[in-house]
Amino acid sequence: MKLWTSIAAATALTLASLSATAADYTAGDLSLSKTWTRATPPKAKAGGGFVEIVNSGSQDDRLISATSDVAKNVELHEMAVTDGVMKMREMQDGIEIPAGETVTLKPGGLHIMFMGLNQPFEEGTTVPVVLTFEKAGDVEIELDVAKMGAKSMKHGHGDHDHGSHDHKNHSKN
C-alpha cells in the first residue's frame, strides 16, 4: 500500500510541475507563458523581451504597457518588413489580444523593448517586468535570460535544464 501512495504522490507532483510550465502566470482570462529574453553584451543599451499570451475569454484585451526597473524606458514594439526593409516601431496603441486567440511576442515580431539598460542581462538570471492590460490589469512576470543570440527559450517539459530554472519563484496571479 505504501508503494501505491508513493506512486500517487510522485504522479501528483509531476502533474503539478507540468501544469506550472503550461501557463506560468494568469490574469483574468489571460494566460502568460514562455517568458524570456536574451543575455546582452556588457555595454549593450537595449534588449528585447518575449512572452506568449493566450486569451481564453470571450472579450478582446490589449497589452497597453510594460515597465521594469532594469531600463530607463520600456516600450511595446513591432519589427516588420516594409518595402524589403526591416523596420522597428513602437506600438503606441498597445498590442491587441483577441478573444480566443494566442499572441506571441517573439524575436523579429512583436516584443517588449528595453532601452537604456541599467546593467547587462546575464544568462541564467531573470528580468522582472510588469505588463499592464486594458482589462486584466497588471501582471508581474519574470523573463528567463537565455544565452546571447538565442532564437527561442524552450519551455516544454524536458527540453531545457530545470536545474538552473527555479519555478518556485514565479509569482502566480
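Me: Which residues lie nearest the centre of the second largest pocket, and how many residues line it?
Reply: Thr37, Arg38, Gly47, Gly48 and Phe50 lie nearest the centre of the second largest pocket, which is lined by 15 residues. On a 1 Å grid over the protein atoms alone, with a 1.4 Å probe, a pocket is an open set of points with protein on both sides within 12 Å along at least five of seven lines, and a lining residue has an atom within 4 Å of a point. The model is predicted: local features need pLDDT of at least 70, side-chain atom pairs count only at pLDDT 80 or more, and totals for chains, interfaces and linings use all residues. Residues are numbered from 1 along each chain as its sequence is written, and side-chain values use heavy atoms, with hydrogens and water left out.

Me: What volume does that pocket have?
Reply: The second largest pocket has a volume of about 170 Å³, a volume being the space filled by probe spheres set on grid points that are joined across faces, edges and corners.

Me: Which strands supply at least two residues each of its lining?
Reply: Strand 2, strand 3 and strand 9 (110–117) each do so. Strand 3 gives the largest share, three residues. Strands are DSSP runs (E, at least two residues), numbered from the N terminus.

Me: And how does the lining divide by class?
Reply: The lining of this pocket has seven nonpolar residues, seven polar and one charged. Ala, Val, Leu, Ile, Met, Phe, Trp, Tyr, Cys and Pro count as nonpolar, Asp, Glu, Lys and Arg as charged, and the others, Gly among them, as polar.

Me: Turning to rings, how many aromatic pairs are there?
Reply: The count comes to two aromatic pairs. In one, Trp36 and Phe50 are tilted, 4.6 Å centre to centre with 40 degrees between the planes. This pair links distant parts of the chain, since Trp36 is in strand 2 and Phe50 in strand 3, 14 residues apart. Rings of Phe, Tyr and Trp (its six-membered ring) pair if their centres lie within 6.5 Å; planes under 30 degrees apart count as stacked, over 60 as edge-to-face and the rest as tilted.

Me: Are Trp36 and Phe50 buried or exposed?
Reply: Both Trp36 and Phe50 are buried. Buried means under 20% relative accessible area, exposed over 50%, and partly exposed in between (1.4 Å probe, protein chains only).

Me: Why is the pair of Phe114 and Phe121 edge-to-face?
Reply: The planes of Phe114 and Phe121 stand at 85 degrees, with ring centres 5.4 Å apart, so the pair is edge-to-face. Phe114 is buried at 0% relative accessible area, and Phe121 is buried at 4%.

Me: Now charges: how many salt bridges does a search of the whole structure find?
Reply: The search finds three salt bridges, each a side-chain nitrogen of Lys or Arg within 4 Å of a carboxyl oxygen of Asp or Glu. One joins Lys34 and Glu52 (3.4 Å, N to O). Lys34 lies in strand 2 (residues 30–38) and Glu52 in strand 3 (residues 46–55), so this pair ties together parts 18 residues apart in sequence. Lys34 is partly exposed at 37%, whereas Glu52 is buried at 17%.

Me: How far apart are the closest N and O atoms of Arg62 and Glu96?
Reply: They are 2.6 Å apart, and Arg62 forms a salt bridge with Glu96. Because Arg62 lies in strand 4 (residues 61–67) and Glu96 in strand 7 (residues 95–97), the pair ties together parts 34 residues apart in sequence.

Notes
Helix = DSSP H or I, 4+ residues; strand = E, 2+ residues; numbered from the N terminus.
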